[in-house]
Each structure stands twice: as C-alpha cells, then as structure tokens.
Amino acid sequence: YNIVTDKIIEKLENGTVPWQKTWKSGHPSNFVSNIAYRGINTILLGMQDFESSYWLTFKQVNELSGWVKKDEHSTIVVFWKPIVNSRNASLDETTADVHFLLRYYNVFNLEQVELPDEILTKRIQAPKNEVKPNAESIIAGYRKPPAIVINNTISCPRYLPRIDRVETLSIDSFTSADNYYASLFHELVHSTGSSERLNRKGITEPINFGSEKYSTEELIAEMGASFLCSMSGIENTIDNQASYIENWLRVLNNDTRMVLIAASQAQKAVDWIVNTKPTNTECER
C-alpha cells in the first residue's frame, strides 16, 4: 500500500494527475499474453513516460532471447496471491480456508528492452484480438443506464442522483470531442454509484463539497473516466485542477489504502458500464 501510494502522491505533488495519462498505442497490456492490465496497474504503468503500451517481466524477456537495456529500472505491478490455510493436505479447494495477500512484481516497458527483430515484427504487426469499442458504443452499451440529457443552459456537466440523470452540454460546446467524452465518462462513472447499481456512499449519502467523501468519489470518477478514455482511444485532456489535487492529496496522506480502494471502485464502475464480468484476481503474468 505504501509503495503504491507514495508513487501516486509524488506525481500529485508535482502537479500531475497520473490516472489522466493516456497511451498513444492503446491500453497497457502484457507483451506475451496480450492481456490488458486492470485497476491500479493501469495507473502504475500509465505514470511511466513510455509511448509503448506493452510490458514484460524479466523472465519473459529472457525467454524471448532478449535483454534489459543498461541502467533501465522496472515498474511494479500488483496482484492478489491466494493463500490456502489447511492442516489437511487432502482438503479440496471448495472447503479450504483461502485468503488473498496483496503482492507485487516487476515489469519492463517494451522500450526498455532489446528483443530479436523477428519477435518484434511478428508480435507488433499481428492483429489484436481484442476489439476496442469507441466512445459512443461504450455509452450505448451501458447496462441499465441513467437518462443522458443535452442541456446547454448548465455551466458544466453533472450527475443528478435524485432523478438518476446525467446532464451534459452538446459536443460542440467543448473545445474538443476528447474533452466532451472525458467529461461525460466522468459523470457516467458517478452514476454507477446509485443505489440501483453499485450503491457507493459517495453518491447515495449526503456529502459536503471538499470533504473526504467528496474527494474520494471524485477520485473514483476521474480514474474511471481515464480508464474509459484509454479503452476507447481518447486522449483525456481534463485540466489538472489545483483544488482537486489538494483534496486528493489530503485523502491519500490520511489513508495509504485509499488509492487502491478508489482504483478498485473505479474498475467496478467501468465493468458495470461496459457490462464486463471482472476476473477473480489480477495474477502475475
């Protein structure tokens, strides 16, 4: 928890909101398995200054007959490791006492390693199996969505929990289409917190502007919007507002678990919107 939170806080103190990072060549994924990273790992990898979205473990680099470039440093990725507590070795998985421990391992970006040309050519030029839906298809596929209303009389987009409605200005009212979708995604993530959906306290309970509950819900919405932008190939250009950063820093400094919890909640919101069943655990690849 401390390792992850310290990295997030360092970026925030430098005036950068790390979960607003997008990738020029797609969502971060493992070079070998082509499986996309999720949750907090999306943020940890997105904070790094690489244009490639591909990552490998040291073992994977060696298995591909490659090597890590001199003076390159790895990036941590977290995963949940199942631990079985049983005095009876014959106990099966359905009756065993299983709990999960948070662990991490190290990965390198594709730009940090040298691989044989034939490996790079075959892998990078191969068509991707995963079809990344565009922003409109993500919105259209929202499971049990709120009403989405165009309202050019408001000063900024908003979610109204009491009537379960998202209001946004028309796309032409924004400086770019990217800003329109990033803003709309932010409000849609808020809407997943309603009692009819994920029932988050930041939406279902009264909160004061600037409070820790408010900041936490904003943290969830910003992370979730960034995930959706990355999935749909949109450059998230929301300004790094100083007041938001100040609130987030206070929340993070008060509880080192907060960034992991918020990322988990953001991923649940995204899973709801895109109607995806989450995997059981983020495992080492």
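Val149 stands opposite Glu167 in S9, and that pairing is a handy way into this predicted model. Local features here need pLDDT of at least 70 and side-chain atom pairs count only at pLDDT 80 or more, while totals for chains, interfaces and linings use all residues. Numbering starts from 1 along each chain as its sequence is written, and side-chain values use heavy atoms, with hydrogens and water left out.

**The small sheet**

S9 belongs to an open sheet of 3 strands, ordered S7-S9-S8, with mixed pairing. Strands here are DSSP runs (E, at least two residues), as are helices (H or I, at least four residues), both numbered from the N terminus. Two strands pair if DSSP finds at least two bridges between them. Strand S7 (147-150) and S8 sit at the edges with a single partner strand each, so one side of each has no neighbour in the sheet. From one strand to the next, the twist averages 25°. (Axes are lines fitted to C-alpha atoms, for helices over the stretch in contact, and angles run from 0 to 180 degrees between N-to-C directions.)

S7 and S9 run parallel, joined by 4 bridges. Ile148 has Val166 in S9 as its bridge partner. On the other flank, S8 and S9 are antiparallel, over 3 bridges, and Leu160 stands opposite Arg165 in S9. The hairpin of S8 and S9 has 4 residues between the strands, and Asp164 there takes a positive phi near 50°.

**Salt bridges around the hairpin and beyond**

What does Asp164 do with its side chain? It meets the side chain of Arg197 in a salt bridge. The pair links distant parts of the chain: Asp164 is in the loop between strand S8 (158-160) and strand S9 (165-168), while Arg197 is in the loop between helix H6 (177-191) and helix H7 (201-204), 33 residues apart. Arg197 is buried, at 10% relative accessible area.

The count comes to 7 salt bridges, taking one to be a side-chain nitrogen of Lys or Arg within 4 Å of a carboxyl oxygen of Asp or Glu. Three of them, including the one just described, are listed here.

| Salt bridge | N to O distance |
|---|---|
| Glu167 and Arg158 | 2.8 Å |
| Asp164 and Arg197 | 2.8 Å |
| Lys213 and Glu205 | 3.0 Å |

Glu167 turns up again in a network of salt bridges with Arg158 and Arg165. Is Glu167 buried or exposed? Glu167 is buried, with a relative accessible area of 2%, whereas Arg158 is partly exposed at 36%. (Buried means under 20% relative accessible area, exposed over 50%, and partly exposed in between, using a 1.4 Å probe and protein chains only.) Lys213 and its partner are both out in the middle range: Lys213 is partly exposed at 43%, and Glu205 is partly exposed at 30%.

**Rings**

Now for the aromatics, where the count comes to 5 aromatic pairs. Rings of Phe, Tyr and Trp (its six-membered ring) pair if their centres lie within 6.5 Å; planes under 30 degrees apart are stacked, over 60 edge-to-face, and the rest tilted. Phe79 and Tyr105 make an edge-to-face pair, 5.5 Å centre to centre with 65° between the planes. This one links distant parts of the chain, with Phe79 in strand S4 (residues 75-85) and Tyr105 in strand S5 (residues 97-109), 26 residues apart. Phe79 is buried at 11% relative accessible area, and Tyr105 is buried at 6%.

Tyr180 and Tyr181 have ring centres 4.9 Å apart and planes at 70°, so they too are edge-to-face. Both are buried, and ring pairs link them with Phe185 into a cluster.

Trp272 has a charge for company: Arg143 lies over the face of its ring, 3.9 Å from the ring centre. (That needs NZ of Lys or CZ of Arg within 6 Å of the ring centre and within 35 degrees of the ring normal.)

**Nonpolar cores**

Phe185 also shows up in the largest nonpolar core, which has 51 residues; Phe185 is among those that touch the most other members, along with Val4, Ile40, Ile43, Leu188, Met223 and Val259. A core of this kind is a set of buried Ala, Val, Leu, Ile, Met, Phe, Trp, Tyr and Cys residues joined through side-chain atoms within 4.5 Å. Elements that each supply at least two residues include helix H1 (2-13), helix H2 (40-46), S4 and H6. The largest share, 10 residues, comes from H10. There is also a second, separate core of 9 residues, with Tyr54, Val61, Leu110 and Leu115 among them.
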